Amino acid sequence: MIPRRHHFKPAPQPTVQVLQPPDEDAPSLTITMLGAGQEVGRSCCVIEHRGKKIVCDAGLHPAQPGIGALPFIDELDWSTVDAMLITHFHVDHAAALPYIMEKTNFKDGNGKVYMTHATKAIYGLTMMDTVRLNDQNPDTSGRLYDEADVQSSWQSTIAVDYHQDIVIAGGLRFTPYHAGHVLGASMFLIEIAGLKILYTGDYSREEDRHLVMAEIPPVKPDVMICESTFGVHTLPDRKEKEEQFTTLVANIVRRGGRCLMPIPSFGNGQELALLLDEYWNDHPELQNIPVYFASSLFQRGMRVYKTYVHTMNANIRSRFARRDNPFDFRFVKWLKDPQKLRENKGPCVIMSSPQFMSFGLSRDLLEEWAPDSKNGVIVTGYSIEGTMARTLLSEPDHIESLKGGNVPRRLTVKEISFGAHVDYAQNSKFIQEIGAQHVVLVHGEASQMGRLRAALRDTYAAKGQEINIHTPKNCEPLTLTFRQERMVKAIGSLAATRPEHGTSVKGLLVSKDFSYTLLSPADLHDFTGLSTSTIIQKQGVAISVDWAVVRWYLEGMYGEVEEGVEEEGKAAFIIMNGVQVVQISPTAVELRWKSSSSNDMIADSALALLLGIDGSPATAKLTASPNKHACNHSNSHSHTDLYPHTYPGDKSAKDVASNPEFERLRMFLEAHFGHVEGPNLRPPLPPGADGDGNDDKDKDGDDWLTMDVKLDNQTARIDLISMRVESESAELQKRVETVLEMALTTVKSLSQTFLGGGLDVDMVKVEPNESDS
């Protein structure tokens with residue numbers, strides 16, 4: 001039974017910052033570090049955007065025992081994770097994966113785990129080795145999982161290739177790219193609803209003896225989550241570093257000492273083996289001194305290295321092509337039995353795991369060899385705070401023995417890092433080449449991370465550029481908000497001809513996985529398999545007034561209604577090109593409309609109006625006055641008594657001049673300018689006469705309808721048909737045009753300013769009768 005883990009964690013903190021005002025079309029991106037936030041070890045990064053949740057890496061902290069080495073996994077509902085991406089097989093990036101997959105509710109969700117093929121091959125070996133080492137520990141609380149858990153998690157992971165575009169679902173996809181560092185290591189370019197995040201994991205921009213360097217993705221990301229292991233440190237040139245290393249090893253063995261190099265079973269161990277094998281080959285005087293790797297896991301892993309030669313650099317691939325296997329070492333041999341070292345007291349070189357010397361063979365050899373000053377330790381990788389490797393770098397006089405007591409330390413200690421991490425110069429250059437808007441620094445000690453952030457800001461400031469750099473702590477969410485443009489792709493018949501700039505394109509907008517497509521309704525089935533439907537709505541209303549009174553109310557609300565006859569010959573009105581009001585009987589009307597947002601709104605207002613007719617005082621007044629419509633229900637009414645509205649298309653010019661809308665326009669202009677004359681009707685030119693442009697007549701003989709605005713002995717004339725303004729005073733003309741524009745907006749009826757979504761029923765328009773003129 002695995003006990004529930006309890007971590008000390010910082011007090012709850014508010015979200016770090018919102019960098020831009022929120023936008024409902026661009027939900028925020030949240031990054032939460034469950035490990036490796038201002039620390040090195042137990043990498044675990046949670047990325048959330050638009051309801052999608054990605055976890056990058058799940059490692060253990062090498063300096064913490066047992067359950068305390070896990071990330072802060074209690075902070076996350078693992079069943080909601082859509083995908084887990086593992087960058088490489090190192091303990092601090094992958095060793096918590098069996099626990100999360102088998103001991104949490106991750107298996108209750110639909111999330112999958114992805115890693116490259118080489119990473120998956122080595123992951124199974126390293127996790128089994130971790131179980132073996134934990135089983136040797138008498139403290140059972142440190143046993144987080146067993147071999148069955150490792151095997152189950154290994155079988156459930158999905159192996160992917162470099163540059164493979166993996167589409168998960170719902171606008172979520174990712175692509176792995178080479179990261180250098182170790183065999184199979186990858187950085188992931190993640191895309192969620194168009195937002196791109198580059199998660200580097202551990203990476204190297206230096207090509208070594210067998211690995212390619214980290215590559216720059218061809219797509220610029222919006223956010224870069226980047227390691228900061230070495231902070232602002234600058235590492236020596238690789239050739240110089242190799243010379244220092246081989247010289248130091250040779251000096252130790254030449255003085256009769258034993259050289260210990262703690263290494264991980266995979267990674268720089270293979271790199272060092274290639275380097276030592278080449279150096280021993282070039283120095284015959286050293287060839288009688290044995291060079292060992294004391295790890296059965298190292299030996300088993302060599303088969304994986306030989307399998308994935310195609311992912312290595314050109315040097316390795318060309319040697320394999322010549323049938324020269326660089327991993328068939330001549331001088332570096334596997335030490336099957338460590339007891340052999342105790343029998344042979346002569347000088348030797350041994351590479352042994354684990355890297356941090358907290359336990360295992362490397363720790364045993366350290367305690368055994370520490371008292372002899374001829375011996376030496378070379379720390380060849382990054383040392384995490386709290387481990388024996390970090391303690392040794394301070395060159396203490398004594399070291400604590402796992403068997404109890406202290407052991408004097410007289411052997412020499414040197415650090416020459418082959419950890420395949422970027423130093424400041426490489427990291428800074430890579431960040432600038434990536435060009436992300438936001439850079440999030442992780443996997444670094446707080447002090448180193450702070451100095452790196454300051455140095456990067458200074459670098460950008462010197463170029464006159466700005467950069468947003470963040471250093472979140474564990475369990476402290478970082479929230480970033482982006483304004484993203486929506487891109488809509490037109491397809492089908494809409495894309496047959498390229499529209500001119502500024503023209504509107506109409507169609508159905510189809511949204512899927514945060515991508516948008518515009519297409520004609522006729523193409524919907526061909527491209528999506530969907531079809532369209534039209535809903536015709538009908539609503540009956542009982543009335544007790546004359547049909548003419550109904551029209552009076554509708555015109556009072558909407559300004560104009562169109563009179564017609566529906567397909568069964570019943571009288572009907574059309575409101576704002578969206579709703580029919582049909583006279584079903586003298587005591588009932590029916591509203592009919594094609595359902596749409598605009599038509600539904602018009603229908604709601606018309607229904608409310610009709611339901612209130614019977615109780616309105618205006619109805620009592622209208623029906624109490626004698627009028628010629630009281631007993632006439634034919635389709636040829638004269639409506640002059642009930643509604644004074646006239647229509648220019650159906651009336652004479654003299655009648656048009658008395659249109660109430662023109663009267664309201666005149667009142668509006670008088671309120672602004674004082675003296676206004678009109679509407680004035682000008683007669684046509686006599687036959688054969690010529691107009692000079694100043695007459696209020698046109699050459700076709702049509703009447704001109706004008707209105708004159710007079711101000712300070714200046715006159716501006718308004719053509720009430722075209723609504724054009726002419727004046728000898730440019731200033732007065734401009735003022736009248738401005739006020740006229742406001743007036744037209746104010747006096748127009750609803751039917752003139754808004755149209756519904758159209759009708760889906762047949763209407764026969766009724767021409768006005770002679771009596772209506």
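**Group meeting: a walk through a predicted model**

Let's start with a single residue, Val736, which sits in helix 20, residues 730-747. Before going further: this is a predicted model. Is Val736 buried or exposed? Its relative accessible area is 0%, so Val736 is buried. Which residues does Val736 touch, once neighbours within four places in sequence are set aside? The contacts are Phe673, Val709, Ala716, Ile718 and Val725. One more number for Val736. Arg717 is 19 residues away in sequence, and the two C-alpha atoms are 9.2 Å apart.

Now the whole chain. There are 773 residues, and 49% of them count as buried. The secondary structure comprises 21 helices and 35 strands. Take the contacts in the chain with a separation of 6 or more. Of those, 70% are between residues 24 or more positions apart.

Next, the annotated site. Which residues does UniProt mark as "binding site"? The record lists His88, His90, His181 and Asp202. These four are spread over 115 residues of sequence, yet they cluster in space, with a largest C-alpha distance of 10.3 Å.

Let me take two of those histidines in turn. His90 is in the loop that runs between strand 4 (83-85) and helix 1 (91-94). Its relative accessibility is 16%; the cut-off for buried is under 20%. His90 therefore counts as buried. Beyond four places in sequence, His90 is in contact with Ala95, His181, Val182, Pro264 and Phe266. So one of the contacts of His90 is another residue of the annotated set, His181.

His181 itself lies in a loop too, between strand 8 (172-178) and strand 9 (186-192). Its relative accessibility is 4%, so His181 is buried. What does His181 touch, not counting residues up to four places away in sequence? Among its contacts are His88, His90 and Asp202. Those three are the other annotated residues. The list for His181 goes on with Tyr203, Ser204, Leu211, Gly419, Ala420 and His421. Look at the backbone here as well. His181 has a positive phi, about 65°, although it is not a glycine.

A second residue with that backbone feature is Gln38. Its phi is positive, about 55°, and Gln38 is not a glycine either. Where is Gln38? In the loop between strand 1 (29-35) and strand 2 (44-49). With a relative accessible area of 23%, Gln38 counts as partly exposed.

On to helix packing. Two packed helices are described by the angle between their axes and the distance between the axes. The pair here is helix 12, residues 424-434, and helix 13, residues 446-462. Their axes come within 11 Å and cross at roughly 55°. That angle makes helix 12 oblique to helix 13. The crossing is right-handed. Which residues make the contact? From helix 12, they are Tyr424, Asn427, Ser428, Ile431 and Gln432. From helix 13, they are Leu452, Ala455, Leu456, Thr459 and Tyr460. By class, this contact has six nonpolar residues, four polar ones and no charged ones.

Stay with this pair for a moment, and bring in Ser228. Ser228 is in the loop between strand 11 (223-227) and helix 5 (238-254). At 1% relative accessibility, Ser228 is buried. Setting aside residues up to four places away in sequence, Ser228 touches Asn427, Leu441, Val442, His443, Gly444, Met449 and Leu452. Two names there should sound familiar. Asn427 of helix 12 and Leu452 of helix 13 also take part in the helix contact.

Last topic: cis peptide bonds. Ser353 and Pro354 are joined by one, with omega about 5°. Where does Pro354 sit? In the loop between strand 15 (348-352) and helix 10 (360-369). Gly678 to Pro679 is also cis, with omega near 5°. Pro679 belongs to strand 31, residues 675-682.

To recap, with the model on screen. The annotated residues cluster, with a largest C-alpha distance of 10.3 Å. His181 is buried, and its phi is positive. Helix 12 and helix 13 cross at roughly 55°. Val736, where we began, is buried in helix 20. Over to you for discussion.

How values were computed:
Residues numbered from 1 in each chain as written. Predicted model: local features only at pLDDT ≥ 70, side-chain atom pairs only at ≥ 80, totals over all residues. Heavy atoms only, no water. UniProt positions renumbered as here; feature names shortened; annotations may be inferred. Helix = DSSP H or I, 4+ residues; strand = E, 2+ residues; numbered from the N terminus. Buried < 20%, exposed > 50% of the residue type's maximum accessible area, 1.4 Å probe, protein only. Contact = heavy atoms within 4.5 Å. Axes fitted to C-alpha atoms, helices over the stretch in contact; angles between N-to-C directions. Parallel < 35°, antiparallel > 145°, perpendicular 65-115°, else oblique. Left-handed = near helix turned anticlockwise from the far one by under 90°. Nonpolar A, V, L, I, M, F, W, Y, C, P; charged D, E, K, R; others polar.
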